[in-house]
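Got your viewer ready? Load the model, keep the selection box handy, and follow along stop by stop.

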Amino acid sequence: MANKGSSISTLRGVGPAKAAAYAKLGIYTTTDLLYHFPRAYENRGDVHLLSEAPEDGRVATVLTVGSEPKSTRIRGRMSLLKFKAFDESGVCEITYFNQEYLKSRFLLGSTFRFYGKVQRTARRYKMTAPESEPVEDGVPLPDLLPVYRLSEGLTPKQVITNVQAVMSEAAQAEDPLPNEIRLAERLPTLAFALRNIHNPTDYVSLAAAKRRLIFDEFFVFALGLSLTKQKAVRSGAPICDKSDLTPLLAQLPYTLTGAQRRTIAEIAADMAGDRPMSRIVVGDVGCGKTVCAAAAMLIAIQSGRQAALMAPTEILARQHYEDLAPIFAKMGITAELLIGATTAAKKRRIKEGLADGSLPLVIGTQALLSDGVEFAAPGLIVTDEQHRFGVRQRAVLSEKNEHAHMLVMSATPIPRSLALALYGDLELSRIDEMPAGRQTVDTFVVDESYRPRLHAFMEKLCAEGGQVYVVCPAVEERDAEPDELLLDEIGETAPLSDRPPLKAAVQYAAELQEALPDLPVALVHGKMKSKEKEKVMADFAAGNTRILVSTTVIEVGVNVPNACLMVVENAERFGLSQLHQLRGRVGRGKRKSYCVLVSDTDKETDSTAAKRLSVMRSTHDGFAIAERDLALRGPGDFLSGADSDAIRQSGGVKFRLAALCDDTGLLTAAFAEARALIAADEGLAEHPLLRATVDRMFTLDADTIS
């Protein structure tokens with residue numbers, strides 16, 4: 001929907017403080033709020049008698065008030081409100097803290113649907129501060145109640161109230177999806193989808209709404225990629241046809257694999273033409289992508305042009321510089337490092353060298369996107385770990401160097417069909433062959449009972465000079481999901497209480513330091529500032545800390561040859577491709593390396609998770625793992641991370657629901673429809689509302705390139 005809506009401050013009860021709280025969630029307008037989809041649903045339609053209520057987790061129960069509420073004062077200002085309510089199976093004591101105003105709500109003889117945890121002692125039941133809704137004849141209660149992501153200063157009731165206030169916009173929303181496509185794909189209207197994603201009448205309506213909104217995200221994303229590719233297909237690129245790689249190959253202590261030779265040949269062929277290369281190289285960690293990039297940079301420089309390599313973090317950029325600069329120096333080629341920590345004087349000299357053409361090669365971070373960085377003879381731009389950069393960021397870099405060739409690298413093995421969809425603006429090279437001598441990381445799946453032995457193993461490896469990664473799915477304990485039905489589990493009835501509790505990085509780092517007092521333990525997670533994260537990672541790379549506890553921010557990171565053990569907590573909560581990426585952090589040196597997946601998941605109740613862990617134990621081919629992941633989980637896992645503090649996104653475009661998609665067919669259909677529409681209406685001139693929606697999705701927030 002292209003309409004931006006009114007300011008969020010126009011809603012009743014939303015003053016400056018509440019508007020600031022909404023801004024933390026990226027919500028500035030009423031349309032933003034309408035597209036702030038629930039992250040979960042409370043299943044209040046599954047009503048239990050008190051005697052049948054499960055002991056763990058929250059549950060709905062219908063009770064009649066059997067005594068008048070009485071309020072008592074405790075501890076000065078604190079008050080307790082208590083009353084009894086009953087059903088045919090028993091009597092429950094209900095307690096509220098500091099909510100005396102509820103006294104007039106719970107009238108003797110009135111009936112409510114309560115939602116909360118039922119505690120049982122002998123034949124007595126208790127509920128503390130349950131949610132409640134009056135049961136009235138002829139007034140149906142919703143089975144599914146939405147649960148929204150919050151920020152400090154917002155309450156669930158506030159957000160629900162505000163969302164309901166903007167639901168009229170859903171009914172009036174112009175539908176940008178062409179009607180013939182909607183009918184062909186059997187999708188509901190946009191108005192239906194928005195209404196039922198917030199206020200689902202049942203699981204069927206919710207599933208239909210979810211399917212339509214996911215299709216929209218894939219469809220608009222596909223259109224944006226197609227438009228980007230159209231813009232990129234132009235002549236005028238520098239012809240870089242000097243490709244004598246002998247000086248580079250002579251310095252390598254190994255022979256190129258067949259996959260590397262094939263990839264370099266594809267790159268050389270692209271660069272020899274007058275259309276800008278736009279190619280992605282995908283392959284496992286350690287498969288040799290960087291050598292292919294070095295070959296491309298040498299081709300550009302030999303042809304009289306300049307080359308740049310952009311990495312997502314300062315520490316990774318520095319690592320590339322330390323690896324590549326000496327190699328290029330032996331060929332008489334100067335390379336410089338441009339990062340945030342570069343001194344002002346050196347930044348000035350680097351910019352001058354790029355502007356006058358005297359500096360042929362620069363390696364850096366997003367500082368390369370900043371004002372004042374201009375190339376006299378742009379030839380090649382390389383971006384590493386492409387999923388950390390967006391389509392729009394690549395476009396910004398391309399626009400700054402209008403006719404340069406573009407090469408991007410990703411260490412995420414991905415099925416070809418999905419790669420062609422997600423990277424539709426790029427040609428694809430796959431390095432599907434590992435260099436000889438690359439060690440296999442032994443992988444084990446254990447449960448919580450192995451904890452003492454695991455700590456002892458960490459201690460042993462560190463005593464031998466090794467280092468250990470420990471990855472947790474949550475930052476802090478409060479980040480763990482409550483006992484609710486998650487959006488990506490629509491149709492399942494198992495509550496989250498059946499799952500093992502999440503291991504939180506902050507708390508576990510403290511526990512581990514106490515358990516292993518002689519080993520320096522460090523902590524890194526996505527809520528830390530960039531400089532803090534860089535410092536922690538640099539200390540670990542230097543060997544100053546032996547154990548690094550983190551969230552998945554280390555999924556792509558610096559090379560630490562001494563790291564020989566990867567421990568993944570709650571491994572059942574991660575996708576196969578992500579687990580494989582994490583495993584790739586170890587086994588990069590000469591030490592025998594191991595990956596331990598810790599999971600207490602029940603094989604019978606979560607068979608999919610059990611299959612994933614079994615695949616990890618038996619398979620080490622990244623592309624084979626990616627195919628299995630796609631079959632088990634669908635494309636969503638490739639669009640998101642399991643890190644609780646990460647924004648779900650792909651290519652810099654924020655996905656609200658598509659990251660939860662488990663239907664590869666929906667992705668395929670959306671891209672097919674997008675290609676057909678672009679073929680018929682190249683610039684979407686006949687679909688202005690759809691074009692506006694695409695432009696809005698691909699709008700780049702200035703903060704992402706600052």
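What follows is a short walk through a pocket, a covered helix, a surface patch and two loops.

First, some housekeeping: this is a predicted model, so local features need pLDDT of at least 70 and side-chain atom pairs count only at pLDDT 80 or more, while totals for chains, interfaces and linings use all residues. Residues are numbered from 1 along each chain as its sequence is written, and side-chain values use heavy atoms, with hydrogens and water left out.

**Stop 1: the pocket**

Select Thr 290, Gln 319, Asp 323, Asn 559 and Arg 588. You're looking at the second largest pocket, with a volume of about 1400 Å³; of its 46 lining residues, those five are the closest to its centre. A pocket here is an open set of points on a 1 Å grid over the protein atoms alone, where a 1.4 Å probe fits, with protein on both sides within 12 Å along at least five of seven lines; lining residues have an atom within 4 Å of a point. The volume is the space filled by probe spheres set on the points, which are joined across faces, edges and corners.

Now colour helices H10 (289–302), H11 (314–329) and H17 (530–541): each supplies at least two lining residues. Helices (H or I, at least four residues) and strands (E, at least two) are DSSP runs numbered from the N terminus. Which helix gives the most to this lining? That's H11, with ten residues. By class, the lining has 18 nonpolar, 14 polar and 14 charged residues.

**Stop 2: a covered helix**

Jump to H18, residues 576–583. Eight of its eight residues are buried (under 20% relative accessible area; exposed is over 50%, partly exposed in between, with a 1.4 Å probe and protein chains only). Among them are His 580 and Arg 583.

**Stop 3: a valine patch**

Next, pick Val 47, Val 62 and Val 135, which make a nonpolar surface patch of about 190 Å². Patch members have over 30% relative accessible area and no salt bridge, and nonpolar side chains are joined within 5 Å. Val 62, in strand E2 (59–65), is partly exposed at 32%.

**Stop 4: two positive phi values**

Finish in the loops. Asn 98 lies between strands E5 (90–97) and E6 (111–116); its phi is near 50 degrees, a positive value in a residue other than glycine. Asn 98 is partly exposed, at 45%.

Arg 186 sits in the loop between helices H5 (179–184) and H6 (190–198). Its phi is positive too, about 55 degrees, although it is not a glycine. Buried or exposed? Arg 186 is exposed, with a relative accessible area of 76%.

Conventions
Nonpolar A, V, L, I, M, F, W, Y, C, P; charged D, E, K, R; others polar. Patch = residues over 30% accessible without salt bridge, like charges linked within 9 Å, V, L, I, M, F, W, Y side chains within 5 Å. Areas by Shrake-Rupley, 256 points an atom, 1.4 Å probe, with all protein chains shown as cover. Salt bridge = Lys/Arg side-chain N within 4 Å of Asp/Glu carboxyl O.
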